[in-house]
Amino acid sequence: LITEKWDNCQVRGDTFSCSSASAINCVHLTEMLKDMCIFAAWVHGDPRKVIYPTDSYGQFCGQKDTLNENKTILFYFNILKCASPVVLINLQCPTTQLCVSKCPDRFATYIDVQASYRYKPDQWNYFRQFCKPGFNNPRKSVAQVLRDEDCPSMIIPSRPFLKRCFPDFSTKNGVLTVANQTTFKDGRGKTRNVTDLREAANGINNVLDARSVGMKIFEDYAISWYWILIGLFIAMIVSLLFLVLLRFTAGVLFWIFIFGVIGIIGYGIWHCYWEYDHLKGIPGSDLTVYDIGFQTDFRVYLQLRQTWLAFMIMLCVVEVIIILMLIFLRNRIRIAIALLKEGSRAIGYIMSTLFYPIVTFILIAICISYWAVTAVFLATSGEPVYKVMANQTLCKYANLTCDPETFNTTNVSKLCPGAQCTFAFYGGESLYHKYIFIFQLANAFVFLWLVNFAIALGQCTLAGAFASYYWASRKPADIPLWPLFSSFGRAIRYHTGSLAFGALILAIVQLIRVILEYLDHKLKGTQNSFTRFLLCCLKCCFWCLEKFLKFINRNAYIMIAIYGKNFCTSAKEAFFLLMRNVVRVAVLDKVTDFLLFLGKILVAGGVGVLAFFFFTQRIPVFAQEAPTLNYYWVPLLTVIIGSYLVAHGFFSVYAMCVDTLFLCFCEDLERNDGSTAKPYFMSASLHRILGKKELSPKKAVG
């Protein structure tokens, strides 16, 4: 079926584009994989296994329309048998687990309660709510009750955490206590220290402290969320202003950066010479690096004249290279700066493009939600597995799988007195359960495919809008009405298959990288040197391949938006067009990257500084308005990170605009010669920068 649908796309002549019908057939593979994962996960999965704890009988605590509806907390009969909190959370603690409505709030033992149940019935009524349902026989011998685990041997003051009862630890004068006591009776005739509980529930204090910190952080967000939104709104305004100012300051910012670098390197050369001259005549300074050999203290080398001479020579070489590049690449740098200004002008005419990242964000959020829900259903699609729990360590049936319905008819309880068939975990031995990992990989692959498709759709849409600006003869009069909306419609109607194919190639490489990371994590500690070297090489190669494919895909989508050709043809034409202008590509890339990085840092840093002074109440005018916080860094970091992401969203549109205009510019130079028959579509500023020499057809390619 997959082959049939694939071939159907290719037969139509315009591979993975052309028409909506072809596009639908081409992405049919995505739908098939998605439906497979959803069907398998949602039929077998049950997210309640993650939300609700499960008792020893495989029943959910707090599940509606059951006996446990009002019993939402899991209680452990003997928490001392639990080695660590990880064992508790994974439901593999070798003791009976029972759903209760609340955790115990006092110390008590079954022995003491049984001895006093006749004249203190209230104590028994309280204690038996932690026994097995229906058990109300305090006359049963203690040995039999503890053997059959009808009731816990003891209860201790506890509090619910992760819907499970854990000891209520506290510290008094530096000593660990539970309900202000340092010892307790274990119900088996021994007095034990509460440190035994700490060892059984190792790390619970840290988790509880983390919960306390989490609550304080939540409170900080609750009282400062609107100020955070105001900070992000300011970041949006500053980002817009920076993009507008780039039209007038792109050249100034770049040359300030270049001359700043030249000045810093020049100072470095002077400082190296000063150190070299200052060490003249000092004993030992004329030794060579070869004479002193390898030294772990780097400061030893700084006392040699040879070291500073080497530094000075290296800095001189770098300085000369930069100056020569500026001399020989000055025209291409001017073109790059002009394209940056042209990009600001294009965005000024099509302001709606600045808000398109919101659409991409919504699509990616939907993809993440789909992946997360399906992954949870897959992870919880196991069936209850019951195992034999025996009090005797020599029982040969311990930890073997059992069936609770037929367990009492077997001879296990006779050979191992006190053994029980209790719930252990969720799993299964069926064919489906053996391939859950494969389904998770398929789910991850579909997720990567859909995310890359959403990004590709945004890039193609923006490229189409900016291309309509460049190829307009009279700007802005000839720019089509609603260029962004029209470009989005064309991308959905004609280019869905091409975008899906490009996203597919990238998703395959990304999935391979995920698998390599998984293998590296699983084999860590067991690898030999050759295996580690091989995995490192593979990860490096596929990382480079992913970066290369992203670069090719991005430019292929631009060509698709301009000419409407299929992905393979567009990728080939874009690649060779860029190779014919490789120097311009390198220069434009670096200039653009620097200016946009500078803009992101300025936006995030500026808004962050303003937020710091506000949340620390250092602005007198707003000192009364600033909220009182537990941790002022919580909203501060949120504002800084959020501002950077907001700036990145706006500047990604700007980068796409510059890349689109650059490809259009290169195409314009190759297809036109500036004559009346073949006039240039470039702006007047770009036309002036090219000069008379580059207006001839022979020198159009640079």
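Begin by selecting H648, G649, F651, S652 and V653, which lie nearest the centre of the largest pocket, a space lined by 44 residues. A pocket here is an open set of points on a 1 Å grid over the protein atoms alone, where a 1.4 Å probe fits and protein lies on both sides within 12 Å along at least five of seven lines, and lining residues have an atom within 4 Å of a point. This is a predicted model, in which local features need pLDDT of at least 70, side-chain atom pairs count only at pLDDT 80 or more, and totals for chains, interfaces and linings use all residues. Residues are numbered from 1 along each chain as its sequence is written, and side-chain values use heavy atoms, with hydrogens and water left out.

Next, colour α23 (633-671), which gives the most to this lining, with 14 residues; helices are DSSP runs of H or I, at least four residues long, numbered from the N terminus. Other elements that give two or more residues include α10 (204-278) and α20 (529-563).

Keep α23 displayed and add helix α13 (residues 330-349), which packs against α23 at an angle of about 120 degrees with the axes 9 Å apart. Axes are lines fitted to C-alpha atoms over the stretch in contact, and angles run from 0 to 180 degrees between N-to-C directions. The two helices, α13 and α23, are therefore oblique to each other, a class left for angles that are not under 35, over 145 or 65 to 115 degrees.

Finally, select residues 252-270, one of the spans that UniProt (unreviewed entry) places as "transmembrane region", an annotation that may be inferred rather than shown by experiment. The end C-alpha atoms of residues 252-270 lie 27 Å apart, and the span is 100% helix.
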